[in-house]
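Here's a walk through a protein model, written for someone who'd rather be at the bench. Keep the structure open while you read.

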Amino acid sequence: MINNAGHSLYAPVLIYGPPGAGKSTLGQALAQALHIPFTDLDSEIEARSGLAIPQIFSQQGEVGFRHLEAQVLETLLDGQERVIALGGGALLDPRLRARAEAAGIVLCLRAPAPVLQARLKSASVTRPLLAGDLSAHLSNLLAERAGHYASFPWQLDVGANSVEEVTWQVQAALGRFYLRGMQKPGFPGCEVRIRSGSLDELGQCLSVAGLGGPVLVVSDSNVTPLYAPQVLANLRSAGYDASLVEIPAGEKFKTLETIERLWASSLDAGLDRTSTILALGGGVVGDLAGFAAASYLRGISWVCVPTTLLSMVDASLGGKTGADLPQGKNLIGAFYPPRLVLVDPDTLATLPLEELRSGMAEVVKHALISDPQLFAHCKLGWKVISADWDWLVRRAMAVKIGIIEADPYERGLREVLNLGHTLGHAVERAADYSLRHGEAVAIGILAAARLSERLGIAQADLTSQVEDSLSKLGLPMNIPAHLEDKMLLQYMGVDKKRANGKLRFVLPVRIGKVLHGIEVDEPGMILEEGR
C-alpha cells in the first residue's frame, strides 16, 4: 500500500523509473482516470526551452540538461494535484529527490530488462543516453541505477499487466477514484478519497470540488458528539456557513418523517440550489441525507463522509439513497450520487467492536465477489485486520467502485452486490432491527453459499471457507430460531430484487466469483440453508 502520511489529499503523483517502463503511458491513463491534469516532464522541458531533448544534450551536455530538468520540475511542484511523468534520471540528484518526495507521491515502475528493451526499440523517441548499441547502453544504465531505483519505497511491477490493470492498482493504492458512471448534465462525477486524517481537510475538499454553501451537516445522535464539532469548525474555517441537524440513530428512524425533518432543516438553513448537504455518519445517515438532497429543490449537491466501516466500504458508494417503509427496507428512494465521498479510516477508532464486525460482513461479501486476496486477509484475525484499516477499506471499496462504474443503475452486473441481502434484509426486518445490517447479511451470505453448493453451482469446499471466515470475525451464521419462516418469506416477497414475480439470488461459485440473477423456484430453500 502507498503511504500517504504527511501528504495533502491533493499531492501530485510522480511516475518514475527506468527508460521504457511506460511512465508517460501510465501517467496519462492515471490522470484521465482521476480527472486531473497530466504533465510529461520531458515534453514540458522541450516546450519551455524550444529545443528537443537530444538538442539540449548536444548543446549543453547531461549536466546542462539536468539543471534545466530540475528547474522545470520545481515549477511543477506547486501544490496543484496532477500526475507528472518524470525522465528516467530526474531524481538522481538527492536534493531534488528529497524535494519531490516531500511534495508528492513517487511511484517507481519496474519491468524486466527484455521488456524495457523491446519497448524502447518500438518507440519513436530518441533517448540520448541510449543512442547506439541499445542493449549494451540499457544494460549499463540499469546496472548503474539499480540501487537508486530499488531505494524508492513504492514499487510497481508493470512488466506483465495491462495499462488498465496497473492504473486500477494505483488508484486503489492511492485511495483516489473518480466515478463517471452516473454522469449527466449538472453532475460531472463523484470524487472518492480515502486517507487517514483526511477529516481535517474536509473544507478544502468541498472548495476544490466547487461545492457551494450554506452547508447543512446531517448526523445522528451517536456521531454528532464525536465528530460534528470538528467538521463544523473545519467547514467554517474554509469560509462556509455551516449548520447541523441531528437525527436519532438507528434503522427505525430511516423513515419519511425523518426526510421531512431534513427538508424543513434545509429551508431553515437557507439552502438554495447551489448549496450542499453533508452526511456525517453511517449508512442510514447517508441514505437519508442523500435522498433529502435528491428531492430538495429537485436536487442539490451532497457530500458523504462515512464514519462506520459498513458505510465506508458499501453504503457510501453507488448513489443509492432512500428510506424504509413499514413493509420493508429501501422501498423508496433514488439513484442520486454524491459529488464527493471522503473517507477517514481514523474514525473507526471510536466504533464499537460490534459495528466493526457488522462492517466486515460487507468486506467479506466484496472479497467473495472478486478479491481472493482480500478474502484471505479477512481470515487473519482482528489483530492483523485492525492494524491497517486503510488498506482494507481501500481494497474493499475498490471492488464496489469497479462494479458500479460498469453498471451504475443495476441493470445487470451490479446485482452481484446483493449477495446475502435478499435473506439478510428479511432477517433484519423480521428481527425488528435488533440485528445489525452486517450481521443479517452474514447470515444471508452463508445461506447463499450453502444453497449454491446444494444446487451444484459452488465448488465443494466453499461453504466451509465462508464459515471459517465469518466464524473468525465473530459474525452470526444462522437465522435466529425465534424468527418464523412465514414472516421471513413475507418480507422476502416484497424485496426490491424480485423480477417477474420471482426472487433472484446471487450465488457464489468460488472465492472471487459469483453468479447473479439466479431464480429459485422454492424461496423456502434459502431458509432451510439459513437455519
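What follows goes from the overall build to the cores, then to some backbone oddities and two alanines.

## The overall build

First things first: this is a predicted model. The protein has 531 residues, and a compact globule with that many would have a radius of gyration near 24 Å; the protein comes in at 26 Å, which agrees. Lay the C-alpha atoms along the principal axes and they fill a box of roughly 85 × 60 × 40 Å. As for secondary structure, you get 21 helices and 16 strands.

Buried residues account for 56% of the 531. Take the contacts between residues at least 6 apart in sequence: 75% of them join residues at least 24 apart.

## Surface and charge

About 21,100 Å² of the protein is exposed, and carbon and sulfur atoms supply 52% of that area. On the charge side, there are 57 negative side chains and 49 positive ones. The centres of the two sets lie 2 Å apart.

## The nonpolar cores

In soluble globular proteins, nonpolar side chains tend to be buried together. Here, the largest nonpolar core holds 104 residues, and the members that touch the most others are Val-192, Leu-309 and Met-360. Helix α16, residues 389-406, provides the largest share of this core, with eleven residues. Another core lies apart from it, with 49 residues, including Leu-73, Leu-109, Leu-138 and Leu-141.

Which residues does Leu-309 contact, once you leave aside its neighbours within four places in sequence? Leu-348, Leu-351, Leu-356 and Leu-392 are among them, and so are Gly-359, Met-360, Trp-389 and Val-393.

## Backbone oddities in the loops

Check the peptide bond from Gly-213 to Pro-214: it's cis, with omega near -5 degrees. Pro-214 sits in the loop between α8 (202-208) and β8 (215-220).

Then there are two non-glycine residues with positive phi. Glu-410 has phi near 55 degrees, and you'll find Glu-410 in the loop between α16 and α17 (421-430). Tyr-433 has phi of about 65 degrees and belongs to the loop between α17 and α18 (437-454). Is Tyr-433 buried or exposed? With a relative accessibility of 18%, Tyr-433 counts as buried, because the cut-off for buried is under 20%.

## Two alanines in helix α1

Ala-31 is part of helix α1, which covers residues 23-34, and Ala-33 is in helix α1 too. Ala-31 counts as buried, with a relative accessibility of 3%. Ala-33 is buried as well, at 16%.

Now look at what each one touches, skipping neighbours within four places in sequence. Ala-31 is in contact with Ile-36, Pro-37, Phe-38 and Val-83. For Ala-33, the contacts are Thr-167, Gln-171, Tyr-178 and Arg-180.

A couple of C-alpha distances help to place these alanines. Ala-33 and Glu-165 are 132 residues apart along the chain, with 12 Å between their C-alpha atoms. Ala-31 and Tyr-227 are 196 residues apart in sequence, and their C-alpha atoms are 33 Å apart in space.

Definitions and conventions: Residues are numbered from 1 along each chain as its sequence is written. This is a predicted model: local features need pLDDT of at least 70, side-chain atom pairs count only at pLDDT 80 or more; totals for chains, interfaces and linings use all residues. Side-chain values use heavy atoms; hydrogens and water are left out. Helices (H or I, at least four residues) and strands (E, at least two) are DSSP runs, numbered from the N terminus. The radius of gyration is taken over C-alpha atoms; the globule rule is 2.2 Å times the number of residues to the power 0.38. Buried means under 20% relative accessible area, exposed over 50%, partly exposed in between (1.4 Å probe, protein chains only). Contact means heavy atoms within 4.5 Å. Accessible areas come from the Shrake-Rupley method with a 1.4 Å probe; for residues, only the protein chains shown count as cover. Lys and Arg count as positive and Asp and Glu as negative; His and the chain ends are not counted. The place of a charge is taken as NZ of Lys, CZ of Arg, CG of Asp or CD of Glu. A nonpolar core is a set of buried Ala, Val, Leu, Ile, Met, Phe, Trp, Tyr and Cys residues joined through side-chain atoms within 4.5 Å.
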